[in-house]
Amino acid sequence: MKTFTQILGSFFVLFLASLTFGLDSPTAALLPKQFGGWQMAGSLQTSKDPSQADSVNSALLKEYGFTDLAAATYTRDDGRKVRLKAARFGDTSGAYGAFTFYKMPQMQTVQIGDQGAAFNERVLFYRGSILVDADFGKLTAMSAAELRELASLLPLPVGNTRNLPGLPAYLPTQSYVKNSAKYVVGGIGLEKINAPLPASLVDFTASPEVVLGNYSSSGGQAALMLISYPTPQIAAEHLRRIEAATQPDTQLKQGGASPPDAGRVFTKRTGPIVVVASGPLSASEAASLLASVNYDADVTWNENTSFSKKDNLANLLVNIILLCGILMGLALVAGIAFGGIRIIVRRILPERIFDRAEGIEFISLHLSDNRSRPQDSRVSSSIKAS
């Protein structure tokens with residue numbers, strides 16, 4: 001009994017250890033051992049501390065939903081090296097937001113993962129909820145293809161966490177300054193991108209999402225800010241607050257609630273999106289920029305507006321009649337086939353399968369014979385008496 005208890009205790013310890021290692025397994029699988037001819041040199045470094053990914057912007061990474069980090073150095077047979085950092089977020093929106101924050105204006109767009117950008121020996125891309133920063137010692141013509149193979153090996157999130165935010169698609173393309181779009185989900189990110197409105201006016205307690213892009217104008221570079229709220233009613237309420245705070249006579253509010261250059265702030269609302277244009281814009285340029293943002297509601301009908309063939313009663317009756325006709329036809333064919341086979345067998349094999357003598361005999365009670373006997377006896381006795 002004591003030995004059994006010790007064995008059971010050992011299995012329990014092993015089970016707890018497997019659970020502990022299982023918790024770290026997603027992080028360990030964040031980067032593969034090899035890809036595209038690259039081999040991991042040394043061990044994989046993992047951490048759940050955002051400061052290990054970026055000590056300066058750790059709070060911003062946490063705001064985007066940072067979960068864990070994996071870093072490793074890879075080498076090739078020709079002696080080249082590449083240092084990879086892979087940061088995982090709670091969903092694709094977090095990885096996309098961090099990608100827009102780290103993407104620099106001088107970077108060139110590359111087709112790696114979901115989106116990618118490169119400058120000199122540095123390549124930045126994300127796939128799903130994972131943001132990868134690759135620092136090459138020397139880029140070659142095959143580096144992009146090798147990183148595409150790496151992107152295909154990264155684990156993907158499941159369910160709705162795989163979806164990209166739809167708000168950046170509303171940024172106009174005309175006069176857009178390349179690589180200037182920034183996606184923000186909190187006040188820390190809003191402060192770091194020098195947005196025309198402070199976090200107090202955006203009000204992140206209402207769960208908005210923000211995207212900011214720069215645009216060229218006749219007076220210089222202007223900013224277009226889109227704030228998406230959960231409902232149009234919430235957006236209308238916040239638009240009134242923003243308009244009240246950006247009026248010329250309210251520029252000097254206490255606590256810095258009013259944005260800079262309040263006299264050049266133009267606003268409008270389209271659906272649940274509040275559009276804010278600021279900077280050296282003329283009235284016509286601002287009107288044109290605001291008019292280029294229009295919310296397109298995606299309406300989905302979940303109930304039929306007309307009867308289908310399945311729901312039509314007349315079609316149901318017709319199908320019932322057809323089914324009855326088919327069953328009657330099958331019964332008729334089966335009866336004719338059974339009778340025909342019986343007749344053919346009788347002619348080919350008479351009295352061998354059907355109508356055999358032992359097969360047609362049956363038990364008879366001879367009830368008529370029993371009734372006639374007493375009558376016959378009475379008749380015979382009367383004759384004798386006479």
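**Exercise 1. How many helices and strands are there in the protein chain?**

Solution. The protein chain has 12 helices and 13 strands. Helices (H or I, at least four residues) and strands (E, at least two) are DSSP runs, numbered from the N terminus. Residues are numbered from 1 along each chain as its sequence is written. The model is predicted: local features need pLDDT of at least 70 and side-chain atom pairs count only at pLDDT 80 or more, while totals for chains, interfaces and linings use all residues, and side-chain values use heavy atoms, with hydrogens and water left out.

**Exercise 2. Describe the protein chain by its burial, contacts and accessible area.**

Solution. Step one is burial. Buried means under 20% relative accessible area, exposed over 50%, and partly exposed in between (1.4 Å probe, protein chains only). Of the 386 residues, 33% count as buried.

Step two is contacts, where contact means heavy atoms within 4.5 Å. Among contacts in the protein chain with a separation of 6 or more, 60% come from residues 24 or more positions apart.

Step three is area, which comes from the Shrake-Rupley method with a 1.4 Å probe; for residues, only the protein chains shown count as cover. The protein chain exposes about 23800 Å², and carbon and sulfur atoms supply 58% of it.

**Exercise 3. Find the order of the open sheet of 8 strands, and its edges.**

Solution. Two strands pair if DSSP finds at least two bridges between them. The order is β1-β2-β3-β4-β8-β7-β6-β5, with antiparallel pairing. The edges are β1 (34-35) and β5 (108-110); each has a single partner strand, so one side of each is left without a neighbour in the sheet.

Now take one pair inside the order. Strand β4 (residues 81-89) runs antiparallel to strand β8 (residues 130-136), and 7 bridges join them. Val82 has Phe136 in β8 as its bridge partner.

**Exercise 4. Locate the nonpolar cores, then examine helix α4.**

Solution. A nonpolar core is a set of buried Ala, Val, Leu, Ile, Met, Phe, Trp, Tyr and Cys residues joined through side-chain atoms within 4.5 Å. The largest has 40 residues, and those with the most contacts inside it are Phe89, Leu190, Val202, Met225 and Ile227. Helix α4 (residues 92-102) gives the largest share of this core, 5 residues. A second, separate core has 23 residues, including Ala70, Ala118, Ala134 and Leu147.

Next, look at the helix itself. In α4, 10 of 11 residues are buried; among them are Tyr96, Phe99 and Tyr102. The cover over the buried residues of α4 includes α3 (58-63), β4, β6 (115-119), β7 (122-127), β8 and β9 (182-184).

**Exercise 5. Trace strand β11 and its partners, then the surroundings of Val202.**

Solution. Strand β11 (residues 220-228) is mostly covered, with 7 of its 9 residues buried. Strand β10 (residues 209-217) pairs with β11 in the antiparallel sense over 9 bridges, and a hairpin of 2 residues joins β10 to β11. Glu209 has Ser228 in β11 as its bridge partner.

β11 also pairs with strand β13 (residues 273-278), in the antiparallel sense over 6 bridges. There, Met225 stands opposite Val276 in β13.

Met225 is also one of the residues that Val202 touches; the others are Leu190, Leu197, Pro208, Val210, Ile227, Tyr229 and His238, not counting residues up to four places away in sequence.

**Exercise 6. Compare Asp203 and Ser207: which is buried and which is exposed?**

Solution. Both residues are in the loop between α7 (199-202) and β10. Asp203 counts as buried, at 17% relative accessibility, whereas Ser207 counts as exposed, at 56%.

Then check the backbone. Most residues other than glycine have a negative phi. Asp203, not a glycine, has a positive phi of about 65 degrees, and Ser207, also not a glycine, has one of about 60 degrees.

**Exercise 7. Examine Ala169 and its position relative to Val293.**

Solution. Ala169 is in the loop between α5 (143-153) and β9. At 67% relative accessibility, Ala169 counts as exposed. Ala169 and Val293 are 124 residues apart along the chain, and their C-alpha atoms are separated by 9.8 Å.
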